[in-house]
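Trainee: Could we go through this model together? I would like to know what stands behind each label before I use it.

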Amino acid sequence: ARTRHYTFNVTMATVTRLCVTKSIPTVNGQFPGPRLVVREGDRLVVNVHNNINNNVTFHWHGVRQLRSAWADGPSYITQCPIRPGQSYTYRFQIVGQRGTLWWHAHFSWLRATLYGPLVILPPAGVPYPFPKPYREVPVMLGEWFNADPEAVIKQALRSGGGPNVSDAYTFNGLPGPTYNCSATDTFKLKVRPGKTYMLRLINAALNDELFFGVGNHTLTVVQADASYVKPFAAATVVISPGQTMDVLLTTSASMPASPAFAMAISPYTNTVGTFDNTTATAVLEYAPQRAASLRGIPTPSLPAYNDTGAVTNFTSKFRSLASAAYPARVPRAVDRSFFFAVGLGTDPCKGRPNGTTCQGPNGTARFAASMNNVSFAMPRTTSLLAAHYQRRYAGVLAANFPATPPRTFNYTGAPPNNTFVSHGTRVVPLRFNASVEVVLQDTSILAAESHPLHLHGYDFFVVGTGFGNYDAGKDPARYNLVDPVQRNTISVPTGGWVAIRFVADNPGAWIMHCHFDVHLSWGLAMAWLVNDGPLPDQKLPPPPSDLPKC
Ligand code: C2O
């Protein structure tokens, strides 16, 4: 294992997409940002210098951050933001994870342009549990806004309504030929016949789950969120914001008659509001040939935007390897169980500036989002982790996040009359090594909608899922405790539930939130405070000296 040093200079840079030229926050002037390639066991040292006129922090999405919570990055959770002109050095080690993860800004909506791949190779000399691919290619799926994403969310929070949607989806930052002015801004992957390529897919989109497919080619899924899975074939994959997925693509044995094929992405959603209903394409092209034209090349037929059946069918196929080399350590007994009702809600439209109308639901409420009716309020004067480390909770947080919803209702039926949420910085304390189960239940308040829930600091096992209301009497009997998939982000199905388990073996303050940035902005988050264990190597070390202050 080695120590790898990186410098992230956060600077504004000029880019043009869809005929719009603008200045965007970047790392080192690159968009998307630099690719980090490390080996399992390596230590990373990332020096961040903030040279933009906004706060920033960085999160290493999916990295376990064992006893390095100070480097996790979500603003106001594990650190105060790095202010303009300030610097902070993230130090952490990659322990027991290999595959594809990614990094992104974790302040407001800055991750719209501040993101990049984090590729974790196995330790030197350790093979993949599948034949080594000929080439490995990160493919980052994103969303492009012609407007400034910071202005988009600020406007939405002011008006109480939904934010404007993006103008394009992108492959490695490029919208491709289905959009105006973008034929030259097309991601092209040159391939050879008879070879296997591994696409390291990352969904970096702000607010959309995506279908992905490649014309006339089948994909084999081998890895999800930096854990191996039992390989399975799929024509189309579904990937939620925050998730990563490694897929193998074997090219045809001989040169095809026409050398180019489209890779395509389109949204999966069931929101009632507007969404970016466009399809972006990129090109798979057999070298050394060049397609005379990209018109009419074989394109994957992706499911309709609301095809929940296709999504369910795909997600049901994930199984962890659960082999001798890669055992699945699924908690069989549970010390703490929780039931979180997850969904949208509202706030009254009070205190609005004169003359403005409320653009939220029915013009009389503003959008909010909650778990167990608590809409998460970020602390402002310190981070949760600093408060936890110093045991100074007063005025910062309350350790009373409810284990169950304040009132029960038919979560997937007619919504209750009162959709108002409560607000607070409420957390759940956990003792070290507690084994935890959380059932995440979607609610149909305002709309049934799937929510990609991301837990920081842990991978969890997805032991069960279903539609309708979770039934504590019947559903646990059907749990998979043998080879459930291990992930850091899972979509709570629309009008359904998912059950996850993890062991709280990593001390710190860990946010769990919807990875739709709009839902996070509306408060769809909570946090766990995990206490130190008794042994020296079970304790959170003191904060680094350059940790930013609020
Ligand atoms: Cu990828 Cu809290 O985020």
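Mentor: Happily; we will take the overall form, then the domains, then two sheets and a couple of residues. Keep in mind that this is a predicted model.

Trainee: What makes the radius of gyration of the protein chain agree with a compact globule?

Mentor: For 550 residues, a compact globule would have a radius of gyration near 24 Å, and the protein chain has 22 Å, so the two agree. The C-alpha atoms fill a box of roughly 70 × 60 × 55 Å along the principal axes. As for burial, 51% of the 550 residues count as buried.

Trainee: What share of the contacts with a separation of 6 or more links residues 24 or more positions apart?

Mentor: That share is 78% in the protein chain. The secondary structure behind this fold comprises four helices and 32 strands.

Trainee: Which domains does the assignment give?

Mentor: It gives domain 1 (1–126), domain 2 (130–320) and domain 3 (336–538). The centres of domain 2 and domain 3, taken over C-alpha atoms, are 28 Å apart.

Trainee: How do you know that domain 2 and domain 3 are in contact?

Mentor: By counting residues whose C-beta atoms lie within 7 Å of each other: 26 residues of domain 2 are in contact with 28 residues of domain 3. On the domain 2 side, helix H1 (149–159), strand E15 (227–234) and helix H2 (308–315) each supply at least two residues. H1 has the largest share there, three residues. That side divides into nine nonpolar, 14 polar and three charged residues.

Trainee: Now the sheets. Why are E2 and E6 called edge strands?

Mentor: The open sheet has the order E2-E1-E4-E6, with mixed pairing. Strand E2 (20–27) and strand E6 (87–93) each have a single partner strand, so one side of each is left without a neighbour in the sheet. Neighbouring strands are turned by 20° against each other on average, direction ignored.

Trainee: What makes E4 and E6 a pair?

Mentor: At least two bridges are needed, and strand E4 (residues 43–50) has seven with E6, in the antiparallel sense. Within E6, Arg 91 stands opposite Val 45.

Trainee: Which strands make up the five-stranded open sheet, and what is their order?

Mentor: The order is E11-E19-E18-E13-E16, and the pairing is mixed. Strand E11 (188–191) and strand E16 (236–239) are at the edges; each has a single partner strand, so one side of each lacks a neighbour in the sheet. The twist from one strand to the next averages 20°. E11 runs parallel to strand E19 (residues 280–286), joined by four bridges, and Lys 188 has Val 283 as its bridge partner in E19. H2 packs on this sheet, touching E16 and strand E18 (260–268), with its direction at about 90° to that of E16.

Trainee: Why is Thr 16 called exposed?

Mentor: The limit for exposed is 12 or fewer other C-beta atoms within 10 Å. Thr 16 has 10, so the label exposed applies. Thr 16 lies in strand E1 (residues 3–17).

Trainee: And why is Thr 315 called partly exposed?

Mentor: A buried residue needs 20 or more such atoms, and an exposed one has 12 or fewer. Thr 315 has 18 within 10 Å, which falls in between, so this residue is partly exposed. Thr 315 lies in helix H2, and its C-alpha atom is separated by 12 Å from that of Gln 243, 72 residues apart along the chain.

Note on methods
Residues numbered from 1 in each chain as written. Predicted model: local features only at pLDDT ≥ 70, side-chain atom pairs only at ≥ 80, totals over all residues. Rg over C-alpha atoms; globule rule 2.2 N^0.38 Å. Contact = placed C-beta atoms within 7 Å. Domains from an automatic or database assignment. Nonpolar A, V, L, I, M, F, W, Y, C, P; charged D, E, K, R; others polar. Axes fitted to C-alpha atoms, helices over the stretch in contact; angles between N-to-C directions.
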